[in-house]
Amino acid sequence: PYVSLWQTQVVQELYQNFSNWCSQVVRLYAGQPYVELEWTVGPIPIADHYGKEIISRFETNLQTGGLFYTDSNGREILERRRDYRVTWNLNQTEPVAGNYYPVNTRMYIKDQKTQLTVLTDRSQGGSSLTDGSLELMVHRRLLHDDNRGVQEPLLEPGEYHNGLVVRGRHLIFLDTVESSAEQHRLWAQQEYMAPQVVLTPDSHDIVKEFSALRHALPSNVHLLTLAQWEPDAVLIRLEHQFEYGEAVNGSLPVAINLLNLFSSFNIITVQEMNLSANQKRENVSRLIWQSTQGIAAKRQSGTRLDPAHIELSPMQIRTFLLQIRY
């Protein structure tokens with residue numbers, strides 16, 4: 001590929017031009033823990049009458065033992081094993097497609113010491129087809145239906161009838177296994193919740209700075225929902241962003257004081273709801289499931305809700321209906 005390099009005190013940029021329809025910019029920002037890849041692909045040529053699937057592949061010397069990891073809707077991390085299914089003996093007849101999995105926000109590989117994590121800016125398919133390798137599909141243009149139910153080929157013409165152009169970003173992190181979760185959990189959330197830039201005519205009446213919170217939440221807590229429910233009520237959801245055991249500090253339980261959290265209103269009463277907010281928490285009656293060890297899971301006993309001390313365990317989401325006064 002054609003390569004050119006630009007350097008400033010803020011960023012180093014390496015331009016890679018693979019063809020007239022495929023290019024990439026590699027950026028290294030001063031003081032940031034990641035490498036950014038901005039790729040532009042398309043329109044994919046099909047004059048040779050062959051469809052094409054374009055991937056971004058990362059090769060390392062990590063001894064991964066056939067394992068790789070993908071996220072589930074940006075929350076829990078799922079372990080994947082190449083050419084393997086947990087609940088049945090797999091006869092693998094599709095060594096590529098049969099090892100591709102959905103990736104919503106991140107994918108990583110690791111050995112005993114080191115972890116390579118790739119954050120995506122959109123849902124993509126990903127896999128690790130060989131040990132130490134990680135790949136994500138960024139674009140494709142196919143000429144034939146794959147007989148999987150769509151009943152048409154993936155052949156979108158685009159505005160100029162010659163195919164689509166796609167541009168996206170990957171953020172690459174290389175860190176120790178112990179420290180990686182502290183990086184990818186927070187950066188993935190920052191990528192997903194990136195603010196939208198809005199331009200407006202200059203005016204002295206525009207509020208240029210505002211925060212609905214009196215102070216920042218702990219780094220492992222995210223305000224998932226803040227929605228008007230009634231004229232004098234709002235619905236909030238708080239989520240713990242880490243899983244058990246994946247980070248030394250991030251995976252610890254945390255307590256939040258709701259009463260002094262918000263700057264725009266005062267809280268009068270707090271009612272905990274179920275996750276979908278259609279039932280009071282104390283009225284929820286769940287099935288008691290039998291574990292694989294044959295011991296029934298114990299039902300948690302209800303405790304009095306203290307709005308000044310809301311505890312969150314790893315991966316827990318709690319929903320509250322707040323009666324407020326502005």
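# Loops, pockets and odd angles

Visitor: Which backbone nitrogen does the side chain of serine 251 reach?
Guide: The side chain of serine 251 comes to 3.0 Å from its partner atom. That fits a polar contact (a pair of N or O atoms within 3.5 Å; within protein, one must be able to donate a hydrogen and the other to accept it, and residues adjacent in sequence count only if both atoms are side-chain atoms). The partner is the backbone nitrogen of alanine 247.

Visitor: What kind of model is this?
Guide: Residues are numbered from 1 along each chain as its sequence is written, and side-chain values use heavy atoms, leaving out hydrogens and water. Local features need pLDDT of at least 70, side-chain atom pairs count only at pLDDT 80 or more, and totals for chains, interfaces and linings use all residues; this is a predicted model.

Visitor: Is serine 251 buried or exposed?
Guide: Serine 251 sits in the loop between strand S15 (233-240) and strand S16 (254-256). Strands (E, at least two residues) and helices (H or I, at least four) are DSSP runs, numbered from the N terminus. Buried means under 20% relative accessible area, exposed over 50%, and partly exposed in between (1.4 Å probe, protein chains only). With 8% relative accessibility, serine 251 is therefore buried.

Visitor: How many strands does the protein have?
Guide: The C-alpha atoms fill a box of roughly 70 × 65 × 45 Å along the principal axes, and 38% of the 326 residues count as buried. Next to 1 helix, the protein has 19 strands.

Visitor: Which residue does a cis peptide bond join to glycine 42?
Guide: Most peptide bonds are trans. Here omega is about -10°. The partner lies in the loop between strand S4 (35-41) and strand S5 (52-59), and it is proline 43.

Visitor: What is the phi of aspartate 83?
Guide: Most residues other than glycine have a negative phi. Aspartate 83 is in the loop between strand S7 (76-81) and strand S8 (101-103), and its relative accessible area of 40% makes it partly exposed. Although aspartate 83 is not a glycine, its phi is positive, about 55°.

Visitor: What is the relative accessible area of alanine 277?
Guide: Alanine 277 also has a positive phi, of about 65°. Its place is in the loop between strand S17 (266-273) and strand S18 (310-312). Alanine 277 is buried, at 6%.

Visitor: Which element gives the largest share of the lining of the second largest pocket?
Guide: A pocket is an open set of points on a 1 Å grid over the protein atoms alone, with protein on both sides within 12 Å along at least five of seven lines; a cavity is a set where a 1.4 Å probe fits but cannot get out, and lining residues have an atom within 4 Å of a point. This pocket holds about 720 Å³, and among its 29 lining residues, those closest to the centre are Ala188, Gln189, Tyr192, Met193 and His222. Strand S10 (114-120), helix H1 (177-192) and strand S14 (221-230) each give two or more residues. The largest share, 6 residues, comes from H1.

Visitor: Where does the second largest pocket lie?
Guide: Domain bounds come from an automatic or database domain assignment. Both domain 1 (2-193) and domain 2 (221-293 + 303-325) give residues to the lining, so the pocket lies between domain 1 and domain 2.

How values were computed: Grid points are joined across faces, edges and corners, and a volume is the space filled by probe spheres set on the points.
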